[in-house]
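Here is a quick walk through a model with two chains, meant for someone opening it for the first time. Keep the structure in view while reading.

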Amino acid sequence: MKYLDEFRDGAKAAILVAEIESLIATMDVPRDRPLHIMEVCGGHTHSIFRFGIEGMLPKQIELVHGPGCPVCVLPMGRVDDCVNIAERPEVIFATFGDAMRVPGSRKSLMQAKADGADVRMVYSPLDALAIARKNPAREVVFFGLGFETTMPSTALTILQAEGEQVANFSVFCNHITIVPTIKAILDSPDLKLDGFLGPGHVSMVIGTAPYEFIANFYRKPMVVAGFEPLDILQSIWMVLKQIKEGRADVENQYARVVPDKGNAAALYAVSRVYELREFFEWRGLGSIDHSGVKLRDEYAQFDAERKFAIPNLKIADPKSCQCGEVLKGVIKPWQCKVFGTACTPEMPLGALMVSSEGACAAYYQYGGVRQHAAAE
Amino acid sequence: MNVAPFIRSRPLGKVHVPTVTLSHGGGGKAMKDLIDDVFVDAFDNTALARLEDQARFDLAELAAHGDRLAFTTDSFVVDPLFFPGGDIGKLAVCGTINDLAVGGARPLYLSCAAIIEEGTMIDLLRQIAGSMARTAKDADVEIVTGDTKVVQRGACDKLFLTTTGIGVIRAGVILGAHLARPGDVVLVNGLLGDHGAAILCARGDMALETPIESDCAPLYGLIETLLGAAPGVRFLRDPTRGGLATVLNEIADASQVAIEIDEAATPVREEVKAFCEILGLDPLYLANEGKIVAIVPPDEAEAALAAMRAHPLGTRAGAIGRVDAGEAGRVTMRTVFGGQRIVDMLVGEQLPRIC
């Protein structure tokens, strides 16, 4: 397939793996303490498992699967709020597919649908707006979810709804922003990370400048990476190269998609429609300051949180769940007390078992062959 | 097969209204007219035209085909009713034929039960019954008994079909999911995922236009050819819902073996690959309606592959992997990229990823 096969070439992969091996051979990596590189984004996690990249890397490199799966980090209370809205008889609740299965404390959206709520799977917020136009007597609520990658499309849809005065359309805004979360991870006392693969599609919107503090203040290398397997291998090599040379820079491996300055039109729409929340609750990580956005007052009429009385419940993560430690790289998914026993994709207890992009679900489904073997 | 020439002993009823109403399910003349007009006329055979409550078979005639009876049933609720490459009628006939055929049975007779939503167009039903009749005729199978029910609007989605089938297994043919042995070769007869992708596209909610057609086809002919060339075949299964990945997991589990497939050797159409890339789906889990997975002993693999490739439904057949003595129940894939990953069962249905 054009523009894909080129980035999945096994022969080129073998060359890159050899380059990584020879680079690491010149580095002084302690035997008992491999280098920990975090891929921030769930899309990377998915590719790493799908193509079996972990098993191709030398033992001195361990990949840590970060918090960049928006479905996974959604707290249970927010899912309960979704179910509450969806269960109102006048509401058509429109959501991306993989949010359907996220468990709330009572039920998931999929269960709510089975119980009679009108929950519809859409592929874009514009689909939700189209449903609103077609059903003027119903209230259509779009479940706005995701990092800066999906934030602009929700913002542009709200602007379009405003332009057309579609009064029965609103957004339940759960958009979150990645930078404060990376900072929270860097501030954590049990941090074990040596470098980052930066989120490619978030960066396509925000550019590379917002990550400068990671290099400047925390002295950690960051390489903004594409999602094809060759992208990921090359980015790992670039991180290693920085570590070897004692540098900490923000580099852009994904320049074919990510402009250093980001996407001005998308950023404009984002800044017009949203403002930062004081804090936002993340599954597994707790409350993080300025890590979520809400609609500005000018767009209150499209804000489901103001349109409907939302209970806004706070539900604590289950005590046995160690998602936070997995997210920070302190333990591997399979080292969690409940991995594969009390917590499985059928009955996820923790955030990371929820979506196929979550590290634990990916381990469970695609299996880090080497790591599973090591665990046995 | 000895099919008695059909002599119509009575004139067939006719429906003169455009849509089905509840009166067509009331048991009276309207119902008889619907059955005659739509089903009896299309299926056109003696057993059905007698309109008895059951079809009757001559045991000696059945026994001439083999020494065991195979019996299966399947329901069809596909949305939309018509899709590129087929329709619910063709699917209902192929599905049950294939469920018999993968057991090594020669499919002989089908039943057809239809649950119809009031308001459904009669013409649409005629078209679907016609499609069932053509598919059955091509596969040398008769639809010999049936049932119709009409339900209120909203109680079903236009039309649900259930087909039940019987077939006869030739003496000596023994197939089973528990029979795979290390060293066996995994074969498929062609491109995977077409049906699943075609249906998702045909629903139209993602505004993607693709030329992908369902692979829906009756597979007995191919299987007969395969079993002739490779009588030692251990197991056959049609990878419908859940796709290739699910079938391989079932085999690995039932036979307590490991299976490794090779991504580069696994045939998937470029359009299906692209479709899956866009939506974040995996073709290994997409449904097929005209494919078989065959587990074949190593010494017969070459003959089996050649036989499949010589058949019109197997031109793109390939050997995609091997059974080995690794961890029992584990299915892995060697990726095109040179890595290895586990191919597990899906938990629920595949859901498109957010970003």
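How many Å separate the centres of domain 1 of chain A and domain 2 of chain A, taken over C-alpha atoms? The figure is 31 Å. Bear in mind that this is a predicted model.

**The domains**

Let's start with how each chain is split up. In chain A, the assignment gives a domain 1 made of 5–71 + 179–260 + 322–375, and a domain 2 made of 76–176 + 300–307. Chain B is cut into domain 1 (22–169) and domain 2 (177–342). Here is how the two pairs look on paper:

| Domain pair | C-alpha centres apart | Residues in contact |
|---|---|---|
| Domain 1 and domain 2 of chain A | 31 Å | eleven from domain 1, twelve from domain 2 |
| Domain 1 and domain 2 of chain B | 28 Å | 21 from domain 1, 20 from domain 2 |

What does the domain 1 side of each contact consist of? In chain A, eleven residues of domain 1 meet twelve of domain 2. Helix H8 (residues 200–206) of chain A supplies the largest share of the domain 1 side, four residues. By class, that side of domain 1 of chain A has seven nonpolar and four polar residues, and no charged ones.

Over in chain B, the contact draws 21 residues from domain 1 and 20 residues from domain 2. On the domain 1 side, the elements giving two or more residues are H4, E4 and H5 of chain B. H4(B) gives the most, with seven residues. That side of domain 1 of chain B comes out as eleven nonpolar, six polar and four charged residues.

**A sheet in chain B**

Now for a sheet in chain B. Four strands make up an open sheet in the order E1-E6-E4-E5 (chain B), and the pairing is mixed. Strand E1 (68–76) and strand E5 (142–151) of chain B are at the edges with a single partner strand each, so one side of each has no neighbour in the sheet. From one strand to the next, the twist averages 15°.

Helix H4 (residues 88–101) of chain B packs on this sheet, where H4(B) touches E1, strand E4 (105–117) and E6 of chain B. The direction of H4(B) makes about 30° with that of E6(B).

Take a look at the edge strand E1(B) too. E1(B) runs antiparallel to strand E6 (residues 159–169) of chain B, and nine bridges join the two. One residue to pick out is Arg68(B), whose bridge partner in E6(B) is Ile169(B).

**Two helices side by side**

Chain B also has a helix pair to look at. Helix H1 (residues 29–43) and helix H5 (residues 122–138) of chain B pack at an angle of about 20°, their axes 9 Å apart. That angle makes H1(B) roughly parallel to H5(B). The crossing of H1(B) past H5(B) is right-handed.

Which residues meet here? From H1(B) come Val38(B), Phe39(B), Ala42(B) and Phe43(B), while the H5(B) residues they meet include Ile122(B), Leu125(B), Arg126(B) and Met132(B). The contact of H1(B) with H5(B) divides into nine nonpolar residues, one polar and one charged.

**Where the chains meet**

Last stop: the contact between the chains. Chain A puts in 36 residues and chain B 22 residues. On the chain A side, helix H1 (10–25), helix H2 (42–50), strand E5 (139–146) and helix H14 (359–366) of chain A each give two or more residues. The chain A side that touches chain B has 18 nonpolar, twelve polar and six charged residues.

Note on methods
Residues are numbered from 1 along each chain as its sequence is written. Chains are lettered from A and ligands numbered from 1 in the order in which they are written. This is a predicted model: local features need pLDDT of at least 70, side-chain atom pairs count only at pLDDT 80 or more; totals for chains, interfaces and linings use all residues. Two residues are in contact if their C-beta atoms, placed from the backbone, lie within 7 Å. Ala, Val, Leu, Ile, Met, Phe, Trp, Tyr, Cys and Pro count as nonpolar, Asp, Glu, Lys and Arg as charged, and the others, Gly among them, as polar. Two strands pair if DSSP finds at least two bridges between them. Axes are lines fitted to C-alpha atoms, for helices over the stretch in contact, and angles run from 0 to 180 degrees between N-to-C directions. Angles under 35 degrees count as roughly parallel, over 145 as roughly antiparallel, 65 to 115 as roughly perpendicular and the rest as oblique. A crossing is left-handed if the near helix is turned anticlockwise from the far one by less than a right angle, and right-handed if clockwise. Domain bounds come from an automatic or database domain assignment.
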